[in-house]
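Good morning. I will take a few minutes to go through one structure with you, and you can follow along on the screen.

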Amino acid sequence: MSESVVVIGGGPAGIEAARGVADLGLPSILIEQRERLGGTPIFANYAALTPYFEDAEQAMDAMIAELNARPLAEVRTNTTVTGLSGEAGAFTVELSTGESLEAGAVIVATGFDHFDPGRERQIYNYYQYPDVLTLQDLEAQLKAHEVLVPSTGKPPERICWVQCVGSRDRNIGNEWCSKVCCGIASKQAIEVREMVPGCRAYIFYIDMRMYGYWETQLYWPAQEKHHVQYIKGIITEVLERGDRLVVRGEDTTMGRPLEVPMDMVILSVGMEPSAGTKSMAGVLGIEPNRYGFIEAAKPPLDTVSTSRTGVFACGAALGPADLEDTISSAGAAAGKAVALVRRGTLQTV
Ligand SMILES: Cc1cc2nc3c(=O)[nH]c(=O)nc-3n(C[C@H](O)[C@H](O)[C@H](O)COP(=O)(O)OP(=O)(O)OC[C@H]3O[C@@H](n4cnc5c(N)ncnc54)[C@H](O)[C@@H]3O)c2cc1C
Ligand code: SF4
């Protein structure tokens, strides 16, 4: 039997789960494949976080400092998990470093990847046109406090976001809504309007899906205070004409074709299961869902147990999630893992 809980993935979910386990009095060992903790908000260069515009790097550094302050929490970077044997209460976890660890429970927090907009269809010409960017490309510019059209090096006069790129798309199998991209696009539009006041900002959407309080925190201020224009329409093509881009599609409210010039087009790419999430499902012997995220065993009332007793999951490894959901599920996974180890039972708690 072991009292330790191994947490796989050092993003917001894994950091919170490892801290939670230590706070509840058991040793936690956090395994991260990269050289540092912080997850996607750090390595994808997120600037300000929704909905409070908090600096992403400072927020992640504060989480990491909290974790490092717990003597019961141990961190191993540049490491991943290659095997799991045994059973709840007495697992043996094989590491890529050739060592193994004994653990009473395991928490998977291996997160998501951004949809690659050039992978399936090329209608947005992401890899052809330098001025077609993704949400995370623009985050990197916002983090550097400089919004510039890549091909000219000048601030944009017209910028737009195209929603639901790689989400809600049955043709490519990504049927889910990625939950965060309507809010992230609105947040970015506010930031661009503040940094480049003369720039006109448009968001082309199928449905606006604001997440809980983001409706009043982001959506209404974007329109009423920052004059971002929301246009219900389907964009079917991004073309180059002269030195500008042109977005083409249909204005579905007016029922007529739409063709507008833009300096920059931002693709609101969705969330997909990360390569690590897909591979850990196999390594740990837990069921993925039909999309490759980890299947929660008993939703909606138990969202963090998996098909293998003693293995829990949290954060975006379970499906699209914002940070509030991520942190909540990490706390739930930590609580259930500690309860299971303490009870010394093989039943799912
Ligand atoms: C463009 C964009 C902007 C966003 N901005 C916001 C925002 O402003 N506010 C907000 O609330 N939410 C935002 N989100 C959502 C937010 O990024 C996620 O909720 C959050 O990152 C999920 O945290 P996580 O720890 O589950 O996953 P991740 O952040 O993806 O972290 C997963 C970690 O696991 C590691 N890992 C993966 N596989 C392995 C493995 N096999 N072994 C070891 N380690 C592994 C990875 O290296 C990574 O460090 C945004 C999402 C997108 C797409
Ligand atoms: S959050 Fe908005 S942009 Fe993202 S998939 Fe859902 S509806 Fe589309």
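I will talk about the two ligands and then about a few spots in the backbone.

Please keep in mind that this is a predicted model.

Let us start with ligand 1. How many residues are around ligand 1, and which come nearest? There are 35 residues around it, and E32, T40, T50, A321 and L323 come nearest. By class, this shell has 17 nonpolar residues, 15 polar ones and three charged ones.

Now some individual contacts. The side chain of R34 has an N or O atom 2.8 Å from an oxygen atom of ligand 1. Two contacts come from the backbone. At L323, a backbone N or O atom is 2.8 Å from an oxygen atom of the ligand. At A109, a backbone N or O atom is 3.5 Å from an oxygen atom of the ligand.

How much of ligand 1 does the protein bury? On its own, ligand 1 exposes 1,000 Å², and the protein buries 98% of that.

Which elements give two or more residues to this shell? Four helices do: α1 (12-23), α2 (40-43), α7 (275-284) and α8 (323-343). Two strands do as well, β3 (48-49) and β10 (112-114). In terms of domains, at least three residues of the shell come from domain 1 (5-111 + 274-348), and at least three come from domain 2 (117-270).

On to ligand 2. Where does it sit? Ligand 2 sits in the largest cavity. The elements that give two or more residues to its shell are the strand β12 (158-165) and the helix α5 (181-195). Four cysteines are in the surroundings of ligand 2, namely C164, C177, C181 and C182. The other residues there are Q163, S167, R168, S178, K179, D207 and R209. By class, the shell of ligand 2 divides into four nonpolar, three polar and four charged residues.

Last, the backbone. Which peptide bond ending at P51 is cis? It is the one from T50 to P51, with omega near -10°. P51 itself is in the loop between β3 and β4 (54-55). You have met T50 already, as one of the residues that come nearest to ligand 1.

A cis peptide bond also joins P299 and P300, with omega about 5°. P300 is found in the loop between α7 and β19 (311-313).

The final spot is N125, in the loop between β10 and β11 (132-134). N125 is not a glycine, yet its phi is positive, at about 55°.

That is the end of my tour.

Note on methods
Residues numbered from 1 in each chain as written. Chains lettered and ligands numbered in written order. Predicted model: local features only at pLDDT ≥ 70, side-chain atom pairs only at ≥ 80, totals over all residues. Heavy atoms only, no water. Near = heavy atom within 4 Å. Polar contact = N/O pair within 3.5 Å; in protein donor to acceptor, adjacent residues only side chain to side chain. Areas by Shrake-Rupley, 256 points an atom, 1.4 Å probe, with all protein chains shown as cover. Nonpolar A, V, L, I, M, F, W, Y, C, P; charged D, E, K, R; others polar. Domains from an automatic or database assignment. 1 Å grid on protein atoms, 1.4 Å probe; cavity = no way out; pocket = protein on both sides within 12 Å on 5 of 7 lines; lining within 4 Å. Sits in = over half its atoms within 2 Å of the grid points.
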